[in-house]
Structure formats: C-alpha cells, structure tokens
Amino acid sequence: MRLLKKVVDERQELELMRNERIGFWVMLWGLLIVIHVELFFNGFNFKLVAGEIFILAIGALIVTVGHLRKGLWSYYTNPSLKSNIRYSLGGALVLSVISSVLRYKKLLGMQEYTIGKLFTFFVMQMVIIFGACFIISTLMSFVTNKRKNNLEEEFDDKNSK
C-alpha cells in the first residue's frame, strides 16, 4: 500500500522530472565549484570541504546505481568504446589541468620547481586518470549493456506469453 497517492498525470510527472533534472545538474556543478573555490582560498584544507565532498559522492553513487539498475547510459550516447575513450579523455584533461594549476600555485615559490616538472606531473596525472576513468567506464558500459539486454528479454518474455 502506498503512503501517498499520486495526483499528477503523465505530462505533469514528465515536467516535474525535467525540473528535478535541471535542479540536480545545477546543484552538482554548483557543489563542484564551491568545493574548488573553498579549497583554493583555504589552502587546500580538505577538512573544510569534507561534508560537501561526502554529499557529492553520495549523490553521484545514487545516480550511477540508478542508471545501472535500469540499463541506462546517457541521453546522447550509447555505451561503446568510442564514448568511453571520449568521456575518459575529457575527464582526465579537466582534472589534470585543475590539478596542475593548483600544484603550480602551491609550489610557485620553490626554485627547483620548473615548467618541465609541471608538464611531467600533468602527463602522469593525465595517464593515470584516463586509465582509471576508462576502466571504470568500460566496466559500467558492460554492466549497462548486460542489464539492458536482461530487461529487454524479460519484457519480450512477458509480451510473448
């Protein structure tokens, strides 16, 4: 038995879901910006942003698990090697640039710190992040495709009976 009765029709429910989706993305990007600004101005003290990072991680986990359970990937792409490479490369580039800029700011006054060392750090960071993102996205695309196929088979079995 449901606790609350739904009082909206399908069109209204779709509009509510669109609003919730927009709100989610605004909160996600706002939280990311706030975390980076606080870290930048507070001397990279992660204790000050632990709550924001925890909430961001929980939200991301809920969305990821929800997508995997329903066999969904994205509005604009399907799980494939090409999309995994594209997303991994984009994520690695953004995170490596942010990480390198923050490292440069932190170590700016040191004499032995050169642009060459910064570039080496950037490349190493890029390779590590790309590898991790690619492995994770490949595993997630495998799970998504498997779940999608299982759901389609269940639907076909129910309709054929």
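Start by selecting α1 in this predicted model: with 12 residues, α1 gives the most to the lining of the largest pocket.

**Stop 1: the largest pocket**

Keep α1 (10–41) on screen and add α2 (50–70), α3 (81–106) and α4 (115–160); these are the elements that contribute two or more residues each to the lining of the largest pocket. The volume here is about 2,000 Å³. For a good place to centre your view, pick Phe 24, Trp 25, Leu 28, Val 63 and Thr 64, the closest to the pocket centre among the 35 lining residues. Now try colouring the lining by residue class: you will find 23 nonpolar, 9 polar and 3 charged residues.

**Stop 2: the second largest pocket**

Next, select Leu 39, Phe 44, Phe 46, Ser 99 and Leu 102, which lie nearest the centre of the second largest pocket, out of 15 residues that line it. Its volume is about 360 Å³. Which helix supplies the largest share of this lining? Show α3 and you have it, with 6 residues. At least two lining residues come from each of α1, α3 and α4. By class, the lining of this second pocket splits into 10 nonpolar, 3 polar and 2 charged residues.

**Stop 3: along α2**

Now hide the pockets and draw α2 as a ribbon. If you like checking geometry, put a distance between the C-alpha atoms at its two ends: they are 30 Å apart. Why does that agree with expectation? Because α2 has 21 residues, and at 1.5 Å a residue the helix should span 30 Å. Step on to the residue that follows α2 and you arrive at Gly 71, where phi is positive, near 70°.

**Stop 4: a salt bridge on α1**

Finally, go back to α1 and show the side chains of Arg 11 and Glu 15. These two form a salt bridge, and their closest N and O atoms are 2.7 Å apart. The structure holds 1 salt bridge, so this is a pair to label. Side chains of opposite charge can pair when their charged atoms come close. Look down the helix and you can see how the partners are placed: Arg 11 and Glu 15 are 4 residues apart in α1, so about one helical turn separates them. An α-helix has 3.6 residues a turn, so residues three or four places apart point the same way.

Are these partners buried or exposed? Switch on a surface to check: Arg 11 is partly exposed, with a relative accessible area of 48%, and Glu 15 is also partly exposed, at 37%.

How values were computed:
Residues are numbered from 1 along each chain as its sequence is written. This is a predicted model: local features need pLDDT of at least 70, side-chain atom pairs count only at pLDDT 80 or more; totals for chains, interfaces and linings use all residues. Side-chain values use heavy atoms; hydrogens and water are left out. On a 1 Å grid over the protein atoms alone, a cavity is a set of points where a 1.4 Å probe fits but cannot get out, and a pocket is an open set with protein on both sides within 12 Å along at least five of seven lines; lining residues have an atom within 4 Å of a point. Grid points are joined across faces, edges and corners, and a volume is the space filled by probe spheres set on the points. Ala, Val, Leu, Ile, Met, Phe, Trp, Tyr, Cys and Pro count as nonpolar, Asp, Glu, Lys and Arg as charged, and the others, Gly among them, as polar. The expected span of a helix is 1.5 Å times one less than its number of residues. A salt bridge is a side-chain nitrogen of Lys or Arg within 4 Å of a carboxyl oxygen of Asp or Glu. Buried means under 20% relative accessible area, exposed over 50%, partly exposed in between (1.4 Å probe, protein chains only).
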